[in-house]
Amino acid sequence: MAAKYELKLGAATREAFGKALVELGKENENVVVCDADLSKSTFTHLFGKEFPERFFSCGIAEANMVSIGAGLASSGKIAFVASFSAFVLNKGFEQLRVNVAYSGIPLKVVGTHSGISIGEDGPSQMSVEDLSLACSLAGFTVISPADEPSMFALVKQAAYHPGPVFIRAGRVKVPVIYGPDQKFVIGKGIQLTEGTDITLISTGLMVAECLRAAEMLEAEGLSVRVIDLHTVKPLDRELIGKAAAETGCIVVAEEHLVDSGLGVRVAQVVAETSPCVMEFHGVNDTYAESGLPEEVLVKYKMTGADVAVTARRAYGRKK
Amino acid sequence: MTRTSDLSELQSIARTVRRDIIEMIGTAKSGHPGGSLSAVEILVTLYFDVMKHDPANPTWALRDRFILSKGHAAPVLYSVLAETGYTPKDQLNTLRRIGSIYQGHPDRRFIPALEASTGSLGVGLSLGLGMAEAARLDKSPSRTYVVLGDGEIQEGQIWEAAMYGGFHKVDNIVAILDNNRLQLDGWVKDIMGIEPLAEKWTAFGWHVIEVDGHDIVALQAAFAEAEATKGKPSILIAHTVKGKGVSFMENNPKYHGVAPTKEEVELALKEIG
């Protein structure tokens, strides 16, 4: 039952990232961090303050930062580079491709202020294509945690992951979904509610919205399964295939361009395992606009109520 | 491997490397002879004399790092790696063939001794800075050498890296600019002029050493000067001739990316001696 999740507001995932970095820095002197003049926004300044000799300030030059991070990582450092998703992926993409992905360098790349929930700063800073870009880098693992505890745990795991990793973080405070005992494993999705009529699959801040949608649908008598895919690549094929087989109806919701993010990747797995009715909920081929984050999310239909509309349509097709 | 500071020995190695380059590219029927030939003395001086490295132990933590940022000059690097004993010499003529370790551009998936996979221009100096920063953090004596093309520095990332190196006083890195004055479409000065070079790099906080890039003794002195320079990174502006050593290739933009014919290979080998 979705109602068991209280969804009390917690910290932003970018803040959880910054705190995890400090803990990593304390437990391993091999951890180094690069930032491109956004350290107060990405929260890498916490690490920089604690370990100034291991913090590399690269100025507003993301391409250079990514390559420097790759050089540090190829010399045996556990290297993180961070900026807004829109900058590190778009301006650093060539370097991520050549120096990191193709070269097989285990750099950890963190993009904050992802999605349209950045709000006031508007589309030049909003990344609605970051999952698509990151997933297109061969050999990359792509992680998109939904809340503070999952971000904290997965950043710490990513540090010791043998390959390159992209982690998607957000600007705004998000509801806490997970308790202190929850275990997270890269590549393994988490089923949050049981359900047999329909499955809502999501990642990032839309996971909480899916729980809200589930509560609404449950009130209407539907049995709704909610799945958090904190790892967007590689996908948890077993969990997706099982949900497709058992509920026969899947809705994927994401704060990302709807035709190039999580949804199309999940559809690929569903097609290969247990084809069923699917609908996709996301940003529709556009760049959103400035506004308070909650206003932007409402206008671009990123709320639980909006997901519920899509879910009812999908369930109607199933019947 | 033979390690030597002796001029005649290094010159003899340089001749062998030039022969390798011509034979490899001639056999492959594609590749970049001009920019490989212009960098021969630079790589020979580095690999046989200046750099501390051990082909028997390619992952030695304290080794000096080398990055061929102008990755299309792969044949000169492959020849030097083979002549120093990192890779098999008898496979050089498989250059660019399917399955060969000698890929079109340097690929560390095939040759683990390579510090970097290169080929997309402009990224190597930044990568080298990361390696140099790691060495500084570890208080390692390891130094990093990055060979850049002159056309390559038209890429914006080079100047991001130049700014970083100067500002952060990364004095354990040396850039070597293979200033052969030609790029694919013609003379650098006609495509997108890069002068004044010395003033630009000086302004970015680098110690600039101008050197004849085919004069091994001058290169040895320049690398020593770079190592003795503390508090700032160094760049050798190596004045070179594209296609050096093969008269019909010298200063001829055609041989940026065109392989010599069978007859041209014979002519070239005769000339190199």
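**Exercise 1.** In this predicted model, determine in which sense strand 10 and strand 13 of chain A pair, and over how many bridges.

*Solution.* Take strand 10 as residues 198–202 and strand 13 as residues 249–257 of chain A. The two strands pair in the parallel sense, over four bridges. For one residue in particular, T199(A), the bridge partner in strand 13 is I250(A).

**Exercise 2.** Place this pair in its sheet and identify the edge strands of chain A.

*Solution.* The sheet is open and consists of five strands of chain A, in the order 9-11-10-13-14. Its pairing is mixed. Strand 9 (190–193) and strand 14 (277–283) of chain A each pair on one side only, and these are the edge strands. From one strand to the next, the twist averages 25°. Helix 10 (residues 237–247) of chain A packs on the sheet, where it touches strands 9, 10, 11 (224–228) and 13. The direction of helix 10 makes about 170° with that of strand 11 of chain A.

**Exercise 3.** Check the span of helix 4 (residues 62–74) of chain A and establish how far the helix is enclosed.

*Solution.* First, the span: at 1.5 Å a residue, the 13 residues should span 18 Å. The end C-alpha atoms are 18 Å apart, which agrees with that expectation.

Second, the burial, taken as under 20% relative accessible area: twelve of the 13 residues of helix 4 of chain A are buried, so the helix is largely enclosed by the rest of the structure. Among the buried residues are E62(A), M65(A), I68(A) and L72(A).

Finally, the exit: just after helix 4 of chain A, G76(A) takes a positive phi of about 95°.

Methods:
Residues numbered from 1 in each chain as written. Chains lettered and ligands numbered in written order. Predicted model: local features only at pLDDT ≥ 70, side-chain atom pairs only at ≥ 80, totals over all residues. Heavy atoms only, no water. Expected span 1.5 Å × (residues − 1). Buried < 20%, exposed > 50% of the residue type's maximum accessible area, 1.4 Å probe, protein only. Pairing = 2+ DSSP bridges. Axes fitted to C-alpha atoms, helices over the stretch in contact; angles between N-to-C directions. Contact = heavy atoms within 4.5 Å.
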